[in-house]
Each structure stands twice: as structure tokens, then as C-alpha cells.
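Trainee: I am new to this structure, and I would like to understand how each label is earned. Could we go through the reasoning with the sequence and the model in view?

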Amino acid sequence: MASDDWRGWVLYQIYPRSYQDTGSGLGADGVGDLEGITRRLDHVASLGVDGIWLSPFFPSPMADFGYDVADYRGVDPLFGTLEDFDRLVERAHGLGLKVVIDQVYCHTSDRHPWFQAARESRTGEHADWYVWADAKPDGSPPSNWQSVFGGPAWTWDARRGQYFMHNFLKEQPQLNLHHPPVQEALLDAARFWLERGVDGFRLDALNFAMHDPALTDNPPEPEGRGVWPRTRPFDFQRHLHNQSQPGILAFLERLRALTDDYGGRFTVSEVPGEDSGAERRAYTAPGRLSTAYGFDFLYAPELTAARVHAAMAEWPGAKGEGWPAWAFSNHDAPRAVSRWAPEADREAAQRMLTLLLMCLRGVVFLYQGEELGLPQGEVPFDRLVDPEALANWPRTLGRDGARTPMPWTPQRPWAGFSTVEPWLPVDPRHPPLSVEAQGGDPASLLNLTRRLIALRKAHEALKTGAYRPVEAPEPLIAFERGEGNDVLLCVFNPTGAAADWCLPGDWRAVEAVNGGDTGLGAYAAVAARPI
């Protein structure tokens with residue numbers, strides 16, 4: 001892989017549980033499988049994307065639907081076999097698609113053999129592979145750290161007579177990445193997948209990978225700062241000591257050395273948190289990761305010019321600076337089109353959003369169903385399975401609505417996803433938006449998405465060009481991409497009200513949505529070149 005080839009990539013995220021159930025795992029069970037992904041790769045390739053990112057498919061008890069890994073070197077029978085994975089990689093490569101897979105280095109499942117051994121003895125081989133600590137004299141947890149999913153980040157284990165740490169569910173005990181044997185084991189797991197032909201890794205919640213060994217209490221988060229409104233004890237703290245430790249950087253350099261041994265592989269980290277910008281830049285400095293993304297857009301309640309310009313300003317293009325990545329939607333966040341537009345404006349808004357995403361400077365991720373304009377799925381309380389949704393209902397939307405099955409055909413009740421009841425319900429609004437329903441319509445959102453991805457790939461200005469904000473009346477988002485004569489003017493109206501703006505006469509539209517070449521009505525957008 002040439003050193004800069006990946007900088008303009010569009011990667012398509014697949015959530016395996018919800019993509020296609022062929023019955024090749026444990027039978028037709030309403031859960032997607034690897035064979036289903038392989039069968040649908042023609043659709044992915046038809047979009048013109050550069051590759052796929054697969055969410056976890058490893059053996060897991062599924063307390064957090066695969067992000068609680070019980071074996072880093074296998075495939076859960078729910079999804080198929082290692083041979084199914086090998087066929088998926090072979091087919092993807094045959095279609096010119098890269099394959100990027102998740103790696104979860106912060107924690108394992110509590111069913112992982114490492115943890116089972118660690119809880120049995122304070123002196124055995126795996127005694128220090130997780131974060132253990134004695135109780136305070138009064139029996140309370142060793143620090144005030146809180147877990148993302150609610151409650152203390154510590155759970156008492158009577159077998160070992162200590163608390164173990166978990167930043168997320170108690171079924172996800174925190175690995176002690178300070179411990180050299182843990183690093184070696186994780187790098188060996190990465191090597192296993194590199195040998196099987198993967199083209200890169202997406203590193204889950206990377207800034208949670210190390211803790212302060214002194215177990216220093218976190219200070220309170222000042223009121224009005226950070227996540228607001230607060231729905232979890234986690235939101236009340238500044239997370240200075242349970243995450244974001246400097247030792248992570250040295251581990252990333254070891255990972256980079258490993259991927260370089262395989263001719264260079266793509267690496268992208270997820271870096272959550274309100275102040276993740278500095279961490280992302282550090283993680284992507286020379287000799288570390290390819291790129292990183294945060295939650296600049298993933299949980300944003302509205303899309304504004306200020307938000308876009310602020311996110312881009314974090315990456316001005318200074319010498320030695322890393323490279324950003326962006327996503328509007330994914331498996332953890334409510335779909336952007338439902339956060340940023342009313343239902344009646346969904347299709348028009350998604351057309352504008354897709355053009356905006358393709359015009360951003362950095363690697364961009366398209367989440368399954370975005371090419372169809374799927375709104376956030378409606379999941380009744382009795383069908384919720386997401387532990388975060390159940391813990392915080394009804395204050396947060398949770399993640400289930402973004403994970404509902406991919407609709408392939410208009411046929412109800414399950415839109416071609418499965419022949420049996422799926423693990424999450426199919427929203428009745430989704431089958432009419434299916435791949436089959438949109439595929440034959442040249443004016444459909446699906447075919448527009450294909451055209452906009454092709455636009456990005458055809459213009460170096462959009463793939464790797466500079467970003468410069470352009471003054472425009474509120475609420476318009478306007479910027480230029482590129483330099484000198486190779487420049488594009490990109491202007492977007494993120495609202496349902498018409499804006500008083502027209503393309504200047506010395507610019508010619510190369511792409512427009514919702515009439516953006518003649519004026520910026522509701523959700524209109526245009527990309528133009530100088531005449």
C-alpha cells in the first residue's frame with residue numbers, strides 16, 4: 001500500500017449482526033453472518049468505496065454484542081468460521097476492496113481464559129493481565145472512577161478478594177496494557193489477522209486502553225461543560241486518570257512497527273471524549289497510526305457551520321501533522337439524518353449530508369444504510385437489547401435504532417435480511433428504501449451516493465486538498481478544498497429553510513443536490529470549480 005493512498009479513502013462500515021443472515025453460522029437465526037457479507041460485497045463494490053470496516057465477529061458471550069471478546073483469534077459460531085472469513089477477504093480483494101477489522105485492546109470478556117485464570121490467583125501467570133486493586137479500608141472501591149454504562153468502574157470479585165476495573169460493562173474487565181506480556185499477546189493477535197490478509201485495523205475506544213497505576217480519583221466536571229444533559233454518573237467527572245495515559249503512545253509505535261512489517265497497513269483509532277482532539281493528533285503523529293476519528297459529529301444534536309469549521313480547524317495541515325477521519329453515523333450513534341432533520345425532510349437532508357461527507361478533508365466512513373437514507377430505526381422498549389439503552393431509557397436513544405437490519409428488498413416483514421424474525425425489528429419505513437427498491441431508479445439516493453463517491457475519487461482536491469473556510473451568511477456551511485487552480489468551492493444549506501445565496505458567476509457547478517446549482521433552497525448543496 002503506497003504511503004498516501006489511504007488519505008482520500010471512503011470506507012463502508014458493516015455491522016455483521018445486521019447485514020445479511022444466510023444461515024451459514026448457527027442456521028437461520030435472525031443474526032447476520034460472514035457469508036452474508038460475502039454475498040453482498042457486490043453491492044458494496046458498486047458504491048465505489050475503497051474498503052470495508054467490519055465490527056467484531058470474534059467469539060464472545062455478546063454482553064456488548066462482540067465488543068466483549070473471548071478469543072482474539074477466532075470467529076464466533078454465530079457468524080461462521082475462520083474459513084468463512086478467509087473467503088470474505090478473498091472475495092473483497094477480488095473486488096478491489098480493502099478489509100479493515102476491529103481490534104479491542106481495552107478489555108476482554110470476563111469469559112476470556114486470561115481473566116478466568118487471573119481471578120483464580122494473585123500470583124499466577126495471568127495475575128497482572130487485568131487491573132486489580134484492594135478495597136479501601138471501609139470496603140469501598142479503590143477510586144471514584146465511573147463506568148461509561150453507569151455505576152462504579154469497579155466490581156468486587158470474591159474469588160480473588162479484590163476489585164477489578166471495567167470502563168464499560170462489568171462483563172468487560174479492563175486489560176492492564178502497562179504489563180508487557182499483555183502487549184505481546186495483543187500484538188500476536190494482530191499478527192494472526194495480518195497473516196490472514198487483512199488490510200488494517202480499527203482500534204476501539206483507544207484512549208481507554210491505559211489507566212493511572214496510582215488509581216488517582218478523577219476530579220468533578222464543572223457544571224455546563226462536557227456531556228450535557230448528564231444522564232450517567234460517568235458524565236460528572238473529568239476523565240484524567242482512568243484513561244488518556246501517555247503510555248498508549250509507545251504501544252502504538254509498537255503496533256505501527258508490526259504493520260510496517262507487512263508492507264504497511266491502515267490503522268484508525270476511535271478516540272471518544274470531549275477533548276479528544278489533542279489525543280487524535282498525538283496518536284497519528286509520524287510513526288504511529290494512519291488516522292483517528294472522534295465524536296465531533298456522531299452525537300452532535302445539530303449540524304452547523306461553526307461545528308464543521310471547528311472540527312476541520314483541529315487539522316490545519318501543519319508539517320508533521322497526522323490525518324483526520326470523519327463519520328456522521330455508526331453503530332454507536334443515532335443516525336445523523338434523524339438527529340439533524342425532521343422525518344419529512346429525510347431524503348433531501350441525506351442527499352446534502354452525503355455530499356458534505358464526501359467533501360471533507362480526511363478519511364470518511366459511510367455506515368451501512370446511509371447510502372439508502374435510512375432513518376434511525378424505531379425499537380420498542382420490549383425489543384431493546386443494548387445494555388446502554390436499557391440502563392438509560394428513556395433519557396437516551398441508545399444504539400439499537402442504528403443497528404436494525406439492512407433492508408435488501410421491499411418485501412415485508414424482514415426486507416430480505418433473513419427468513420426468520422431478526423434479532424432487532426425491521427422498521428416499517430425501511431423496506432421501501434431497500435437496495436432493490438432504489439437500485440433501478442437513476443434519481444434515487446443510492447445512485448446519487450455512487451455518483452458522489454465517484455466525484456470524490458475524481459478530484460484530488462477532495463481526496464487530499466487543503467481546507468479553507470469561506471465566509472457565507474448563516475446558516476450556510478462554505479469552504480474551499482484544494483489549492484491554486486485545483487480548487488473546489490463547496491457550499492451547503494443544513495436547514496429546511498431557503499437561504500439567500502447563489503453560485504457566483506465565475507464558478508461552475510460540478511455537482512449539486514436539491515437544486516444547489518441554481519440557489520440554496522432547503523438542504524441544497526453545490527460543489528463548483530472556477531470557470
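Mentor: Let us begin with strand β14, which pairs with strand β16 (residues 525-530) in the antiparallel sense over four bridges. Please keep in mind that this is a predicted model.

Trainee: What makes β14 and β16 count as paired strands?

Mentor: Two strands pair if at least two bridges are found between them, and β14 and β16 share four bridges, so the requirement is met. One of these contacts can be named by its residues, since the bridge partner of L489 in β16 is A528.

Trainee: How many bridges join β13 to β14, and in which sense do the strands run?

Mentor: Strand β13 (residues 477-483) is joined to β14 by seven bridges, and the two run antiparallel, so with at least two bridges needed they too are called paired. Here L489 appears again, as the bridge partner of E480 in β14. The two strands form a hairpin with two residues between them, and in the turn G484 has a positive phi of about 60°.

Trainee: Why is β14 described as largely enclosed?

Mentor: Six of the seven residues of β14 (residues 486-492) are buried, and therefore the strand is largely enclosed by the rest of the structure. Buried, in this usage, means under 20% relative accessible area.

Trainee: How many disulfides does the structure hold, and how do you know that C359 is not part of one?

Mentor: The structure holds zero disulfides. For C359, the nearest cysteine sulfur is that of C490, 3.8 Å away, whereas a disulfide needs the two sulfur atoms within 2.5 Å, so this pair does not qualify. C359 has a relative accessible area of 0% and is therefore buried, and C106, at 1% relative accessibility, counts as buried as well.

Trainee: What makes the contact between D427 and R429 a salt bridge?

Mentor: Their side chains meet at 2.8 Å, N to O, and because the cut-off is 4 Å between a side-chain nitrogen of Lys or Arg and a carboxyl oxygen of Asp or Glu, the pair fits the term. As for exposure, D427 has a relative accessible area of 2% and is buried, while R429, at 26%, counts as partly exposed.

Trainee: Which parts of the chain does the salt bridge between R383 and E421 tie together?

Mentor: The closest N and O atoms of R383 and E421 are 3.0 Å apart, which is within 4 Å, so the name is justified. R383 lies in the loop between β11 (363-367) and α11 (387-392), and E421 in the loop between α11 and α12 (435-439), so the pair ties together parts that are 38 residues apart in sequence. R383 counts as partly exposed at 23% relative accessibility, and E421 is partly exposed at 42%.

Trainee: Why is D134 called partly exposed, and what is its salt-bridge partner?

Mentor: D134 has 45% relative accessibility, and because partly exposed covers the range between 20% and 50%, the label follows. Its side chain meets that of R122 in a salt bridge of 3.4 Å, N to O. This pair links distant parts of the chain, with D134 in the loop between β4 (132-133) and β5 (154-157) and R122 in the loop between α4 (113-118) and β4, twelve residues apart. R122, at 42% relative accessibility, likewise counts as partly exposed.

Trainee: How many salt bridges does the structure hold, and which residues are linked in a network of them?

Mentor: There are 32 salt bridges in the structure, and D64, D332, D386, E388, R399 and R403 are linked in a network of such contacts.

Trainee: Is Y523 buried or exposed, and what is its phi?

Mentor: Y523 has 4% relative accessibility and counts as buried, because that value is under 20%. Its phi is positive, at about 55°, although Y523 is not a glycine, and Y523 is found in the loop between β15 (507-513) and β16. M62 also has a positive phi without being a glycine, about 70°, and at 13% relative accessibility M62 counts as buried.

Methods
Residues numbered from 1 in each chain as written. Predicted model: local features only at pLDDT ≥ 70, side-chain atom pairs only at ≥ 80, totals over all residues. Heavy atoms only, no water. Buried < 20%, exposed > 50% of the residue type's maximum accessible area, 1.4 Å probe, protein only.
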